[in-house]
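Work through the exercises below with the sequence and the structure in front of you, and try each task before you read its solution.

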Amino acid sequence: YSEEFEGDSASGEKRYFEAHHVPLYDKRGRIAGRLLTVRDITRRKMSEIEREALIDTLDSYAHTVAHDLKNPIALVLGYSTLLKDELGTAFPSSQMYLKAIIDATNRNVRIIDDLLLFASVRKGGDIPIHHFEMRPTLNEALARVEMTAANKEMSPQIRVLTDIPDAIGFPLWVEEIWVNYLSNAIKYGGKPPRVEVGAAIEGKFVRYWVHDNGDGLSEEEQDRLFHAIGRLEKHRHIVGHGLGLTICARIAERLGGKVGVESAIDMGSTFWFTLPRHLSPNS
């Protein structure tokens, strides 16, 4: 077995060590001793400590900036919407400019909300993880997504193909995974978007999935989806700002699950996540 411990050098400087214990056996198979190796890991440990401190600082900065930006952006959105309503059908060119301002502001609000959610997931702390009914959580996500699609005059076809088993987690965070997956399936699906939703029990976990009828993703694009906060370019289009899927991955990991995607060019994509399933006393 291995263990880490702290110690002091001859000069009194704090050091970090890693010890490996290996049992030694005699000819009869009995433990006759042990081999102990100790290695100085101070440099690695200090790098890890500095990295965590930097991440905490960046999280706090992102949280503060997001909060500071949200109020003035909400003000711009509110006044732009009021002005657009007051103008009515007059000044068509002004209506077009105001619509562009409102659309851009709405995108900024969504990015800020994602930053705030990302910071809260990163910081962690105590969250009420418990058994919850997944179908109502999915229904809430479907209602949010369908309302957005209706406002954009889209007509997605969404079908839930299987029973949706319950899980163990934090439903407010899980709802965000559903919303992200469903929104992407509608936005980057075919015309019209056809979305299928389902779930399957896999041992002590439930695998939930959302399938779209879009163009599909290459293996290189799939590898980049959940591992970096960035943009994914495909056929000159920008597929999201990248933060949403990163948040999904962090949420699933914090709740003891995983995320992933299965896709092929011209075959659509299936985004999935797993969570520990609720086991009844008789299971």
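**Exercise 1.** Decide whether helix α4 is largely enclosed or not by the rest of the structure.

*Solution.* Start with burial, where buried means under 20% relative accessible area, exposed over 50% and partly exposed in between, with a 1.4 Å probe and protein chains only. By this cut-off 12 of the 17 residues of α4 are buried, so the helix is largely enclosed by the rest of the structure. Among these buried residues are Trp173, Trp178, Tyr181 and Ile186. This is a predicted model, in which local features need pLDDT of at least 70, side-chain atom pairs count only at pLDDT 80 or more, and totals for chains, interfaces and linings use all residues. Residues are numbered from 1 along each chain as its sequence is written, and side-chain values use heavy atoms, with hydrogens and water left out.

**Exercise 2.** Compare the span of α4 with the expected span.

*Solution.* Helices (H or I, at least four residues) and strands (E, at least two) are DSSP runs, numbered from the N terminus. The expected span is 1.5 Å times one less than the number of residues. Helix α4, residues 171–187, reaches 24 Å from its first C-alpha to its last, which is close to the expected 24 Å.

**Exercise 3.** Describe the order and pairing of the open sheet.

*Solution.* Two strands pair if DSSP finds at least two bridges between them. The 3 strands follow the order β1-β2-β3 with antiparallel pairing, and the edge strands β1 (2–8) and β3 (31–40) each pair on one side only. Between β1 and β2 (residues 14–25) there are 7 bridges, and Glu4 has Glu18 in β2 as its bridge partner.
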